[in-house]
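The following note sets out several points on the model for a colleague's consideration. Each point may be read against the displayed sequence and coordinates.

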Amino acid sequence: PTRFMVAPTSMDVTAGESILLPCQVSHDHPLDIMFTWSFNGHLIDFEKDGDHFERVGGQDSAGDLMIRSIQLNHAGKYVCMVQTSVDKLSAAADLIVRGPPGPPEAVTIDEITDTTAQVSWRPGPDNRSPITTYVVQARTPFSVGWQAVNTVPEVIDGNTFTATVVGLNPWVEYEFRVVAASLIGIGEPSKPSEKRRTEEALPEVTPANVSGGGGTKSELVITWETVPEELQNGGGFGYVVAFRPRGTLSWMQTVVVSPDASKYVFRNESLPPFSPYEVKVGVYNNKGEGPFSHVTIVYSADEGKNTTTQLGSSSKKTCILFLQVRYWKHGDKEEQAGRMKTMTNQTFAKISNLKGNALYHLAVKAYNTAGMGPSSAVVNVTTKKPPPSQPPGNIIWNSSDSKIILNWDQVKAQNNESEVKGYKVFYRWNRQSSTSIIETNKTSVELSLPFDEDYIIEIKPFSDGGDGNSSEQIRIPKISNAYARGSSASTSNACTLSAISTIMISLTARSSL
């Protein structure tokens, strides 16, 4: 008779896991055997439900069931049925699946003030794992997605279904949602509550970066950064600009009614040029006035109308403070241009770290105490291709008659590199730091150097794009006086010298690789 050797057993698992329900039997081998599985009274279709269910075993006496990536809806009763032509039997197992909590329900805003909101909800399914905590999240038109908010109580346990959200901004539209968590994990969030706006309050945030200056004659220009809408605390938002000559007591004030304004210009013919003023900017809304920014010093405009007219006028002039060179690559926005300041007595500038073989646009502006003058005409220039990246190689030297003869392989430029125009040979005594340079358009050079010193030699290719990469340093050791004096050395000695020098440079080149 057919008997179970390993029958399926009940299990308690967590959603997302994979498990194996065994079903192994002993039977009369001449008889055909068939395994089938049912789930909650329905036969499992392994082709249709192959994403999660698979029959495994590999032999005719095993029909194990693999359940992959278990879902909450896979909880229930599983039955393994075994049948031969003469008998049949079955074994059952219960599968309990636990998972993170389901989404809370019916999130509502019960009460709202300028900075708080009372939020309540109903618990969702716990999915066989008790809920331990809740987290309240909020979203506004100004936030990036949903953000967790501070609440009272600070930690909301699984048996609490209401909380007070604190630290909200006045006069901002909020919506809330709630997320439940258990020891298994964090569940899906609830549906959002209705949208409600907090009440108005006096403004508390002052404008940042209050400054100014520039403008034309008889003007005092005051600028600031606008207060973001979410920090305005109410409707009817605007600015109160206050200023006075430095050292005086009375403030002059004006109201700027636009919440988007970031500049105020005071004009008065009696305004002295380039005079210091104490300036501060306050805020107000429908609830009343808020605080002022810190006092800062702003200078009234200088006498000149603008930089260009001042430079060309024969009447009283205003000094140029500096010149600014702006440069940007073709295809980039002019607002992203690089900037370089130069002294007023300079009529040139060197701009470094540009890309090779690229079109650039350049323009110059002048600045004085009255502000920025107009831009020069834009100049277009294309940088040269970068210099060759390959250094000279296979350097060989020989010496004869107080001369050192150097030879090297030609450097070939890549398609995106400048053509080689020649080579620079750098040489110096080993004991000195000053370097001498010889330029040549050939791949060899003769150096007339005394033989009683060690020499360090490097070779670089150069092109329209600048100098290329340098070769390895070549050290030429000093040679004894007997060899150095060509007139007193025999022919055989001269030949020996040339051979020794060739061997020495070969060894030096190999050791430097």
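1. Handedness of the disulfide. This is a predicted model. The link of Cys23 and Cys80 is left-handed, with -80° about the S-S bond. Cys23 sits in the loop between β3 (19-21) and β4 (24-26), while Cys80 belongs to strand β9 (residues 76-84), so the pair ties together parts that are 57 residues apart in sequence.

2. Geometry and surroundings of the disulfide. The sulfur atoms of Cys23 and Cys80 are 1.8 Å apart. A search of the whole structure returns 1 disulfide. Are its cysteines buried or exposed? Cys23 has a relative accessible area of 0% and is therefore buried; Cys80 likewise counts as buried, at 0% relative accessibility.

3. The chain as a whole. The secondary structure of the chain consists of 3 helices and 40 strands. Of its 513 residues, 38% count as buried. The exposed area of the chain is about 28,900 Å², and carbon and sulfur atoms supply 50% of that area. Where contacts in the chain link residues at least 6 apart in sequence, 61% of them join residues at least 24 apart.

4. The second largest pocket. This pocket has a volume of about 220 Å³. It is lined by 16 residues, of which Thr140, Ser143, Leu168, Asn169 and Tyr174 are the closest to its centre. Which elements give two or more residues to the lining? They are β13 (131-139) and β14 (147-148). By character, the lining residues divide into 8 nonpolar, 6 polar and 2 charged.

5. A cis peptide bond. Val152 and Pro153 are joined by a cis peptide bond, for which omega is about 5°. Pro153 is located in the loop between β15 (151-152) and β16 (156-157).

6. Positive phi at Asn127. Although Asn127 is not a glycine, its phi is positive, at about 55°. The residue is found in the loop between β12 (117-122) and β13. Its relative accessible area is 18%; the limit for a buried residue is under 20%, and Asn127 is therefore buried.

7. Positive phi at Asn394. Asn394, which is not a glycine, has a positive phi of about 55°. Asn394 is placed in the loop between β32 (379-382) and β33 (396-400).

Terms used:
Residues numbered from 1 in each chain as written. Predicted model: local features only at pLDDT ≥ 70, side-chain atom pairs only at ≥ 80, totals over all residues. Heavy atoms only, no water. Disulfide = S-S within 2.5 Å. Helix = DSSP H or I, 4+ residues; strand = E, 2+ residues; numbered from the N terminus. Buried < 20%, exposed > 50% of the residue type's maximum accessible area, 1.4 Å probe, protein only. 1 Å grid on protein atoms, 1.4 Å probe; cavity = no way out; pocket = protein on both sides within 12 Å on 5 of 7 lines; lining within 4 Å. Points joined across faces, edges and corners; volume = space filled by probe spheres on them. Nonpolar A, V, L, I, M, F, W, Y, C, P; charged D, E, K, R; others polar. Contact = heavy atoms within 4.5 Å. Areas by Shrake-Rupley, 256 points an atom, 1.4 Å probe, with all protein chains shown as cover.
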